[in-house]
Amino acid sequence: MIEPMFFEVADITVPFWLPPLVAFGISFFTSMVGVSGSFLLLPFQMTVLGYVSPSVSATNLVFNLVAIPSGIWHYARIKRMDWPLAWTIAIGTLPGLLVGWWLRLHWLLDKRTFKLFVGVILFGLAIRLLGNKSAPVRGEIGVSISVNSGNTIPIFLIALIIGVIGGAYGIGGGSIMAPVLIAVFSLPVYEVAGAALLGTFVTSVVGVALYQFLPAPPGINTRPDWTLGILFGLGGVVGMYMGAQAQKHFSHRALELGISIVLVLVAGGYAVEYVLGSIH
């Protein structure tokens with residue numbers, strides 16, 4: 001019988017196969033609606049694994065470091081990577097990451113407060129999924145139409161705000177940035193997807209570095225659990241790949257509805273926990 005594995009930084013003991021299996025399952029379905037699944041991995045770590053210290057945000061970002069590069073390579077290979085847009089997103093989110101890191105350690109240190117924050121973000125993502133409409137997916141491959149003198153600054157400022165959220169939550173921000181670009185700026189999905197992934201990867205690298213190396217308040221561990229994050233990432237890589245292959249066999253709208261229901265339930269649970277904790 002295989003003994004459970006102890007993850008020292010996270011201070012949890014779980015079977016070594018559980019993190020990649022969960023990440024695979026989450027990423028398999030979420031990748032079909034255009035997001036990596038890191039936004040659901042964080043609630044799993046907090047609620048199921050009991051991993052609630054600030055380093056959970058950093059560990060969630062490690063998932064992105066492992067899971068995202070294959071997607072970036074795919075979009076670059078088929079010449080659907082909008083490089084100017086990607087770097088606008090990345091440069092915009094970087095200052096916000098530092099603010100998000102500070103908020104996580106000073107305003108969101110209490111686990112109930114952080115869970116409420118997570119619940120608000122999850123509820124917002126659920127509303128986004130429920131409000132999705134079909135976006136144009138065809139266009140001339142390799143032609144960048146998104147970043148011009150009229151929308152570079154607005155995209156930068158929105159990325160800055162999303163960087164704050166992503167830095168505190170531990171998601172990089174791509175799952176929020178992509179729908180904003182599609183809905184607000186009317187950009188086609190084929191231009192946004194690769195750029196959002198690259199922007200998320202760059203900000204995840206910097207976010208992990210912030211949590212790993214910047215000084216934290218005394219007694220607070222912010223370093224990621226690299227082993228746990230890598231195991232999640234490996235499961236995510238396989239889940240995203242197989243999800244992309246299986247996408248045509250699933251109803252896109254049904255997937256969005258199912259994921260939204262899960263998000264609302266988790267968000268509602270965190271909100272109820274916060275209210276009950278405040279009463280007592």
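The legends below describe several views of a predicted model, beginning with the whole chain and moving to single elements and residues.

**Figure 1. The whole chain, with eleven helices and two strands.** From the N terminus on, the elements run β-β-α-α-α-α-α-α-α-α-α-α-α, with the two strands ahead of the helices. The C-alpha atoms fill a box of roughly 55 × 40 × 35 Å, taken along the principal axes. For 280 residues, a compact globule would have a radius of gyration near 19 Å, and the 18 Å computed for the chain agrees with this. Among contacts between residues at least 6 apart in sequence, 83% join residues that are at least 24 apart.

**Figure 2. The surface and the charged side chains of the chain.** Of the 280 residues, 49% are buried. The chain exposes about 13,000 Å², and carbon and sulfur atoms supply 71% of that area. There are 13 positive and 10 negative side chains, and the centres of these two sets lie 9 Å apart.

**Figure 3. Helix α10, residues 226-246, and what covers it.** At 1.5 Å a residue, the 21 residues of this helix should span 30 Å, and the end C-alpha atoms are indeed 30 Å apart. The buried residues of α10 are L228, G229, L231, F232, G233, G235, G236, G239, M240, G243 and A246. Their cover includes both β1 (5-7) and β2 (12-14), together with the helices α1 (18-30), α2 (38-47) and α3 (55-67). When reading such a list along a helix, it helps to recall that an α-helix has 3.6 residues a turn, so residues three or four places apart point the same way.

**Figure 4. S27 of helix α1, in contact with residues of α10.** S27 has a relative accessible area of 1%, and because buried means under 20%, this serine counts as buried. Leaving out residues up to four places away in sequence, S27 touches S36, F63, G236, G239 and M240. Of these contacts, G236, G239 and M240 are also among the buried residues of α10, while F63 is one of the buried residues of α3.

**Figure 5. Helix α3, largely enclosed by the rest of the structure.** The 13 residues of α3 reach 19 Å from the first C-alpha to the last, which is close to the 18 Å expected at 1.5 Å a residue. Eleven of these 13 residues are buried, so the helix is largely enclosed by the rest of the structure. The buried residues are S55, V56, S57, A58, T59, N60, L61, V62, F63, N64 and A67.

**Figure 6. A86 of helix α5, brought together with residues far along the sequence.** A86 lies in α5, which covers residues 83-106, and is buried, with a relative accessible area of 1%. Although A86 and A196 are 110 residues apart in sequence, their C-alpha atoms are 6.3 Å apart in space. Apart from neighbours within four places in sequence, A86 is in contact with A195, L198 and G199.

**Figure 7. D11, in the loop between β1 and β2.** At 58% relative accessibility, D11 counts as exposed, because exposed means over 50%. The phi of D11 is near 60 degrees, a positive value in a residue other than glycine. For comparison, most residues other than glycine have a negative phi.

Key: Residues are numbered from 1 along each chain as its sequence is written. This is a predicted model: local features need pLDDT of at least 70, side-chain atom pairs count only at pLDDT 80 or more; totals for chains, interfaces and linings use all residues. Side-chain values use heavy atoms; hydrogens and water are left out. Helices (H or I, at least four residues) and strands (E, at least two) are DSSP runs, numbered from the N terminus. The expected span of a helix is 1.5 Å times one less than its number of residues. Buried means under 20% relative accessible area, exposed over 50%, partly exposed in between (1.4 Å probe, protein chains only). Contact means heavy atoms within 4.5 Å. The radius of gyration is taken over C-alpha atoms; the globule rule is 2.2 Å times the number of residues to the power 0.38. Accessible areas come from the Shrake-Rupley method with a 1.4 Å probe; for residues, only the protein chains shown count as cover. Lys and Arg count as positive and Asp and Glu as negative; His and the chain ends are not counted. The place of a charge is taken as NZ of Lys, CZ of Arg, CG of Asp or CD of Glu.
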